[in-house]
Amino acid sequence: GTFVCAGCRNPLFVSKAKFHSGTGWPSFARALSGVEVEDVNPIQFNLLGAESRCRNCGGHLGDVFGDGYLFVNTPAFFSGKRFCIDGAALIFKSQDGNEEVRGDSPNPNYEDQLL
């Protein structure tokens, strides 16, 4: 499925890019073109991150960090990035047409499906 902006429904992330970072925030390894990232120098990006926003409505999504390589066996290890996103900024739209879900989990039993 696809995670879209809660403000304007612009596509932001595909569910295959989502991974468990242990940070308590929904994390994604890659963004779709609907995500705009603040232009900062490389040192700031690697140490402090950069703001990510919806390219369409400008809504704040969260931050992106250059520490993806720390998350071995996740998609972030290969992208080198970790998009740390506020779950309230997302709506999940499943591919099979099920009801949309506000927040970062595709359904209430999402964590059980990972076991």
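**Aromatic pairs and a buried valine**

A search of the whole structure, which is a predicted model, finds six aromatic pairs. One of them is formed by phenylalanine 13 and phenylalanine 83, whose rings meet edge-to-face, with 5.7 Å from centre to centre and 65° between the planes. This pair links distant parts of the chain: phenylalanine 13 sits in strand β2, phenylalanine 83 belongs to strand β8 (residues 82-85), and the two are 70 residues apart. Phenylalanine 13 counts as buried because its relative accessibility, 0%, is under 20%. Phenylalanine 83 also counts as buried, at 5% relative accessibility. Ring pairs extend the picture to a cluster that links Phe3, Phe13, Phe28, Phe83 and Phe92.

Two members of this cluster, Phe3 and Phe13, also meet through the backbone. Strand β1 (residues 2-5) and strand β2 (residues 11-14) run antiparallel and are joined by three bridges. Here phenylalanine 3 has phenylalanine 13 of β2 as its bridge partner. The hairpin made by β1 and β2 has five residues between the strands, and in this hairpin arginine 9 adopts a positive phi near 70°.

Phenylalanine 83 leads on to another residue, valine 64, since it appears among the contacts of that valine. Valine 64 lies in strand β7 (residues 60-65) and is buried, with a relative accessible area of 1%. Beyond its neighbours within four places in sequence, valine 64 touches Val37, Phe45, Gly49, Ala50, Lys81, Arg82 and Phe83. The C-alpha atom of valine 64 is also 5.8 Å from that of cysteine 84, although 20 residues separate the two along the chain.

Technical notes
Residues numbered from 1 in each chain as written. Predicted model: local features only at pLDDT ≥ 70, side-chain atom pairs only at ≥ 80, totals over all residues. Heavy atoms only, no water. Pairing = 2+ DSSP bridges. Helix = DSSP H or I, 4+ residues; strand = E, 2+ residues; numbered from the N terminus. Buried < 20%, exposed > 50% of the residue type's maximum accessible area, 1.4 Å probe, protein only. Contact = heavy atoms within 4.5 Å. Phe/Tyr/Trp six-rings, centres within 6.5 Å; stacked < 30°, edge-to-face > 60°.
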